[in-house]
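Have a look at the sequence and the 3D structure below. Then let's take a relaxed walk through them, beginning with the whole chain and moving on to some individual residues.

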Amino acid sequence: MITLIKSATIIDSSSPYHQQKKDILIQEGIIKQIDDTIPSKKEYTIVTKENLHVSCGWFDTSVSFGEPGYEERETIKNGLQVAAKSGFTAVAVNANSNPVIDNKAAVEFLIHKGNGFATKLYPIAALTTQSKGIDMAELYDMQQSGAIAFGDYKKPIDNDNLMKVSLLYAQNFDGLILSFPKNRAIAGEGIAHEGINSTKLGLKGIPALAEELQIARDLFLLEYTGGKLHIPTISTVKSIALIKDAKKKGLQVTCSVSAHHLTLTDNELNEFDSNYKTNPPLRTNADCKALQKGVKSGIIDIITSDHNPIDIEHKKLEFSEAKDGVIGLESLFGAINSVLDLNDFIENITSKPRQIFGLETNSISEGKTADISLFNPEEKYTFTKKDILSTSKNSPFINKKMNGKVYGIFSNNQLILN
């Protein structure tokens, strides 16, 4: 298979062609030639799109697919197809299935189910058995089977000593530990950010303190043990400050932020729409602006969709009864590109997450494997249900204005276009 991508602006700071408009010739999955103009031939598959831009393939570090156990929410097959059409050449899949991905066989099952697709699937295995936070799972065995990190999705580790031992143990094989930032005792039964809006709407609040206390604890433990810690989906001003100080000390700590926390606030809760029920909850405008600055300054390392499909039976309920979680693969680029500089977005969705999760980085250069996302950063549109490709439809971005459209990907010697 020979593919010729015509007149594409290359966004890749590691490439000698960064910010240049070029033709890209791909043969058998390898970039053979990059030039101003490459003549077309009859046997070539030609890709021409309006205002076409390309970057190294996007990697989403927090994606949930229902399978195994919750196939009505999303299957691995459909999820990977959605990811490809949303611009992602790789996704890290969380352990929140049934059964939980907490052993070698479960990790191998995920990898087997993901084989052959354009988008590569990387498992994040559970940190504890059944994600119950009691006993540490078989981390080394799961890493040997292909797990790239360990964390109990959306479940904090309450036991301080368990977190300490996990950080110590994982150093033996350079493992990455994820710790969800929530102090359960402080959060209580809260379902929305504790503030003016939760009070006005009569919703039980989760104070920012619940996140910040847990992060402070984890950073103290990390300073004591050493090792590598990743804090997923932070959401408050003080969380950024705590991680900034820890990085200044030289601790190996990284963090991510979700697209919805970068772009939406708790002002959205006025209609009690459960599509805005997230964990952590949507915070204030001040938090939202601080998170955007955190990405620009480099304190926040990764942008993620935190894609978590929830079926209608568990989502279309009263706000207090509905499950938290949103889908976000399809809307991530259009939402983030509306509030951040394109180069900041690309760095936080390509090279930085790959380095943190121990994956090989790539470059759009001759002789390199073609692992490319294709998009138009300037197309404006309104996101509607028609744009949702996932089985579940729990998107907080329905009827939101977007800036930027994904065309598809070239990865694993496959061209996937919308």
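What follows is a short tour in plain words.

## The chain as a whole

First things first: this is a predicted model. The protein chain has 418 residues, and its secondary structure comes to 14 helices and 18 strands. If you lay the C-alpha trace along its principal axes, it spans about 65 × 50 × 40 Å.

How does the radius of gyration of the protein chain sit with that of a compact globule? A compact globule of 418 residues would come out near 22 Å, and the protein chain has 21 Å, so the two agree. Buried residues make up 59% of the chain. The outside adds up to about 16,900 Å² of exposed area, and carbon and sulfur atoms supply 48% of that. As for who touches whom, take the contacts with a separation of 6 or more: residues 24 or more positions apart account for 75% of them.

## Aromatic rings

Searching the whole structure turns up 11 aromatic pairs. One of them is formed by Phe333 and Phe375, which meet edge-to-face, with 5.2 Å from centre to centre and 65° between the planes. This pair links distant parts of the chain: Phe333 belongs to helix 12 (residues 332-336) and Phe375 to strand 16 (residues 372-382), 42 residues apart. Both of these phenylalanines are buried.

The two also belong to a bigger group, in which ring pairs link Trp58, Phe88, Phe333, Phe345 and Phe375 into a cluster.

## Charges over rings

Some rings have a charged partner instead. The charged end of Lys405 sits over the ring of Tyr381, 3.8 Å from the ring centre. Tyr70 has a partner of this kind too: the charged end of Arg73 sits over its ring, at 4.2 Å from the centre.

## Helix 13

Phe345, from the ring cluster, is also one of the buried residues of helix 13. Is helix 13 largely enclosed or largely open? It is largely enclosed by the rest of the structure, because 6 of its 8 residues (342-349) are buried. Those buried residues are Leu342, Asp344, Phe345, Ile346, Asn348 and Ile349.

The start of this helix has a detail to zoom in on. There, a side-chain oxygen of Asp341 reaches to within 3.0 Å of the backbone nitrogen of Asn343.

## Two buried polar residues

Ser258 lies in strand 14, which covers residues 253-258. With a relative accessible area of 0%, Ser258 is buried. Its side chain and that of His260 are joined by a polar contact of 3.2 Å. Setting aside neighbours within four places in sequence, Ser258 is in contact with Thr233, Thr304 and Asp306.

Asn94 sits elsewhere, in the loop between strand 7 (88-93) and helix 2. Its relative accessible area is 6%, so Asn94 counts as buried, the cut-off being under 20%. Which side chain makes a polar contact with the side chain of Asn94? That would be Ser64, at 3.3 Å. Ser64 also turns up among the contacts of Asn94 outside its neighbours within four places in sequence, together with Ser62, Val63, Ile124 and Tyr153.

## Two partly exposed residues

Helix 2 (residues 104-114) is where you'll find Lys113. At 34% relative accessibility, Lys113 counts as partly exposed. Not counting residues up to four places away in sequence, Lys113 touches Glu67 and Ile76. With Glu67 there is also a polar contact, 3.0 Å between the side chains. Thr75 makes a handy reference point as well: Lys113 and Thr75 are 38 residues apart in sequence and 9.8 Å apart in space, C-alpha to C-alpha.

Leu209 is in helix 7, which takes in residues 208-225. It is partly exposed too, with a relative accessibility of 43%. How far apart in space are Leu209 and Asn418? Their C-alpha atoms are 43 Å apart, and the two are separated by 209 residues in sequence.

Definitions and conventions: Residues numbered from 1 in each chain as written. Predicted model: local features only at pLDDT ≥ 70, side-chain atom pairs only at ≥ 80, totals over all residues. Heavy atoms only, no water. Helix = DSSP H or I, 4+ residues; strand = E, 2+ residues; numbered from the N terminus. Buried < 20%, exposed > 50% of the residue type's maximum accessible area, 1.4 Å probe, protein only. Polar contact = N/O pair within 3.5 Å; in protein donor to acceptor, adjacent residues only side chain to side chain. Contact = heavy atoms within 4.5 Å. Phe/Tyr/Trp six-rings, centres within 6.5 Å; stacked < 30°, edge-to-face > 60°. Lys NZ or Arg CZ within 6 Å of the ring centre and 35° of its normal. Rg over C-alpha atoms; globule rule 2.2 N^0.38 Å. Areas by Shrake-Rupley, 256 points an atom, 1.4 Å probe, with all protein chains shown as cover.
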